[in-house]
Amino acid sequence: MSEEQPEIIIPGERDGEPGRVPARVNDVLPEQLLVLPLRSRPFFPAQTMPLVIEDELWRETIERVGNTPHRMVGLVYSRHAIEQQVPGPDDFAEWGTVVRIHQPMRESGRIQFIAEGLERFRIARWIKGAPPFVVQAEYPRTAVEQTQELRAYALAIINKIKELLPLNPLYKESLKAFLDRFTPDDASPLADFAAAMTSADAEQLQEVLETVPLLRRMEKVLLLIQHELEVAGLQSEIRQRVEERISVQQRQFFLREQLKEIQKELGISKDDKTVELERFRERLEGREVPEGAMKRIDDEMQKFSMLEAGSPEYGVTRNYLDTLTDLPWGVMTEDNTELDHAREVLDRDHAGLDDVKDRIVEFIGVGRLRGEMAGSILLLVGPPGVGKTSIGQSVADALGRKFYRFSVGGMRDEAEIKGHRRTYIGAMPGKFVQAIRECGTVNPVIMLDEVDKIGASFQGDPASALLEVLDPEQNGSFLDHYLDVRVDLSKVLFVCTANQLDSIPRPLLDRMEVIRLSGYLTAEKVTIGTRYLWPKQRARAGFAASQAKVSAAAMKAIAEGYAREAGVRNLEKQLGRIARKAAIEVIRDDSKTVSVSATNLADYLGPAPFRKQVPQRGVGIVTGLAWTALGGATLDVEATLVHSKNRGFKLTGQLGEVMRESAEIAYSYVASHLAEHAGASDFFDEAFVHLHVPEGATPKDGPSAGITMATALLSLARDERPRRAIAMTGELTLTGRVLAVGGIREKLIAARRSGLREVILPRAVDAEFQTLPEYVVKGLTVHFVEHYAEVADIVFGAGRRG
């Protein structure tokens, strides 16, 4: 710390008392005057007030003033003066005020002194333009005559000052300091004092200081003080309104507190904390709370009763108790296990999917025999839009249970499953605890949508967190991080949905019972569109049933030409387009009835993006069956001879690595066994063959096209096309064995959709084929093969050489 600076003491000043101004001021005022700048506002002759200036800049000026007999200095308003910066002569105003300095003190780098205003002066010329500034001063000599007009102005100013006094206590202090030096009859000091006590800006005050004629000066001061009176009155009114509002609130607060105390003494009321605790206890009445959870609740209630409302832990504990006591401990809904009722609900909500409905009814039947539906996790797998989510809702309706759905697709934080710890701000329980709390029972149906799209990040792996939840051996004592007590989830029926199984972790998949949903046939789509989707879109558009109709032929045309995917989501979108266009027609003509048929369908939906696929037949062209995430599809594999100059094999069609390997195996097998299949054994020795799988913009992968590509190459080598329209699928090995492939149901539906009635399948999928529903296999001729030689005989007939 720096040493305390000594006071600057001006000799001749008695005990710090300011000296008196001589009776004849103009006779003793110095002609050469030291000058100090003022940054904020000008100083008036009638003022006496303390000032503070920078020691480093103006120390020499103050010391020189102290060495003069009169101890006077000029205070001049500097328009552009900046603190820590010395102004130039051009920055100073022309007029200032001579003051006498009293009690100068130097402390902490600043000089403080009391300035006693004496007289205004004008700078005639600059003697020294750098600190310490010295100027030649001129003092106005004006004789004041006491006229009636002057008295009237003085009286008006005095009255305005009287009006100001009650509005601000600071005005009273300023007036007291003024009356110590002057009387109200001194018109010139009165005008200067009145101007100084206003909050006008510096330029207006400087204009008053420079106005020497007294009447003109008093006119300007009267305007300033009138404006000050208006501002002060407005401030007083605002302050009064605020104080009234605060006083009303304080009065109400005290009255409420007194009322609480009175009610408490009379025993007719309780405080907020007591009310909360009683509400928590009322929730637990009739609930079967486990011993461990009840002990935790009792401990938290005891702690809550001792916390103050302003404590940071008060809100945390209250929210925790609110969640813990709001859980439906032991509350269950009674299951409706009537199989006929379950089938009726499923048929009401869904058309087709008989095999899926049978599986669900069987599932309910097993639960009825066991006496409970606990410990069951269903996984509905199928393409988008086939009704997986709505089937979960139907299962809940059939059983009479509450239904709760949330999507885990893209979930990356395991706290969404197991909850946040209470130490975090905004902590909350996991989704499963939220589900049973919202449903109000411990045995709802909880649907986990999109489990095949669950993610993982630095925040944890939600899929691993689900292992505990979906394991019947563990979820009876599930530990949520927020609750920190064991919760029984074993009574919950979990229903999960996914588009594919490949991306689901194997340990998680092992805990689920898989039910596959294949795509819909055209006939089923027509039924769904007519019974469910069109009435829904019609009602959404505000139509009556008689105002807009879609014929069965139009519905079939939409399903085949505009919505060929496995599900019905796009079918619903197209029907929505029809409803919107029909609404415009009805608005323009109220009497019109919109009827959509196959002939005018293009007027509403435009040209059909899908054409009827006629399987190609020709040398080197064979139809294969493929599985995609959207369902089954047919692929025409094409093989052609480019030239016979050298041996070569080229693949195109954006094929994946596995599919390329299948093509290489097919090429090697056919080339090495060509003579056995009635082909020229040297055909591939000099043939450059190009194999292509349309459509080139669609990525393709998988081993199931092995026998299809081998048949296309054999057809090219034999220069013979297949005898009839036939589709096939199966993996081929180098020795000619035909291995099993997946997606048989979807592939057969794709074959039916394309009008193919003869299919070749691997012998290994015969058992799966026998479980397919009747509507999928009806009308199909299926050949099961174990070796490629059987495929060649079926496609080309006899002609194999032993």
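In this predicted model, helix α10 covers residues 312-326. The helix has 15 residues. From its first C-alpha to its last, α10 reaches 22 Å, close to the 21 Å expected at 1.5 Å a residue. The buried residues of α10 are Tyr314, Thr317, Tyr320, Leu321, Asp322, Thr323, Leu324 and Thr325. These buried residues pack against three helices: α8 (272-284), α9 (291-306) and α15.

Helix α20 was examined in the same way. It holds 20 residues, 569-588. At 1.5 Å a residue, α20 should span 28 Å. Its end C-alpha atoms are 30 Å apart, which agrees with that expectation. The buried residues of α20 are Leu571, Glu572, Gln574, Leu575, Gly576, Ile578, Ala579, Ala582, Ala583 and Val586. Their cover includes the helices α18 (522-541), α19 (552-561) and α21 (601-605). Strand β15 (594-596) is also part of that cover.

The nonpolar cores come next. In soluble globular proteins, nonpolar side chains tend to be buried together. The largest nonpolar core in this model has 53 residues. Within it, the residues that touch the most other members are Trp329, Leu379, Phe432, Leu448, Leu470, Leu489 and Phe494. Helix α15 (residues 431-439) gives the most to this core, with five residues. Another core, of 51 residues, lies apart from it. Its members include Leu353, Ile364, Val526 and Ile558.

Phe432 shows how a core residue is surrounded. Which residues does Phe432 contact, leaving aside its neighbours within four places in sequence? The list is Phe406, Ile417, Ile446, Leu448, Leu466, Val469, Leu489 and Phe494. Among these partners, Leu448, Leu489 and Phe494 are also named with Phe432 among the residues that touch the most other core members.

Empty space inside the model was searched as well. Rolling a probe the size of a water molecule over the atoms shows where empty space is left. How many cavities of 30 Å³ or more does a search of the whole structure find? The search finds two. The largest cavity has a volume of about 60 Å³. It is lined by 10 residues, and the closest to its centre are Gln616, Arg617, Thr623, Arg724 and Ile726. By class, this lining has six nonpolar, two polar and two charged residues.

The second largest cavity has a volume of about 30 Å³. Its lining consists of Leu346, His350, Leu353, Val356, Lys357, Ile360 and Ile391. Five of these residues are nonpolar, one is polar and one is charged. Helix α12 (residues 354-370) supplies the largest share of the lining, three residues. Leu353 appears in this lining and is also a member of the core of 51 residues.

Two residues illustrate distances across the model. Phe649 is found in strand β18 (residues 648-652). Along the chain, Phe649 and Met197 are 452 residues apart. In space, their C-alpha atoms are separated by 103 Å. Leaving aside neighbours within four places in sequence, Phe649 is in contact with Ala663, Glu664, Tyr667, Phe688, Val689, Leu691 and Leu713.

The second residue is Glu119, found in strand β5 (residues 110-128). Is Glu119 buried or exposed? Its relative accessible area is 18%, and buried means under 20%, so Glu119 counts as buried. The C-alpha atoms of Glu119 and Ala553 are separated by 108 Å. Along the chain, this pair is 434 residues apart.

Finally, some backbone details deserve a look. A cis peptide bond joins Pro131 and Pro132. Its omega is about -10°. Pro132 lies in the loop between β5 and β6 (133-138).

Arg71 has a phi near 55°, a positive value in a residue other than glycine. Arg71 sits in the loop between α2 (55-66) and β3 (72-78). With a relative accessible area of 12%, Arg71 is buried. Gln103 also has a positive phi, of about 50°, although it is not a glycine. Gln103 belongs to strand β4 (residues 92-107). Why does Gln103 count as partly exposed? Its relative accessibility is 34%, and partly exposed means between the 20% limit for buried and the 50% limit for exposed.

Key. Residues are numbered from 1 along each chain as its sequence is written. This is a predicted model: local features need pLDDT of at least 70, side-chain atom pairs count only at pLDDT 80 or more; totals for chains, interfaces and linings use all residues. Side-chain values use heavy atoms; hydrogens and water are left out. On a 1 Å grid over the protein atoms alone, a cavity is a set of points where a 1.4 Å probe fits but cannot get out, and a pocket is an open set with protein on both sides within 12 Å along at least five of seven lines; lining residues have an atom within 4 Å of a point. Grid points are joined across faces, edges and corners, and a volume is the space filled by probe spheres set on the points. Ala, Val, Leu, Ile, Met, Phe, Trp, Tyr, Cys and Pro count as nonpolar, Asp, Glu, Lys and Arg as charged, and the others, Gly among them, as polar. Helices (H or I, at least four residues) and strands (E, at least two) are DSSP runs, numbered from the N terminus. The expected span of a helix is 1.5 Å times one less than its number of residues. Buried means under 20% relative accessible area, exposed over 50%, partly exposed in between (1.4 Å probe, protein chains only). Contact means heavy atoms within 4.5 Å. A nonpolar core is a set of buried Ala, Val, Leu, Ile, Met, Phe, Trp, Tyr and Cys residues joined through side-chain atoms within 4.5 Å.
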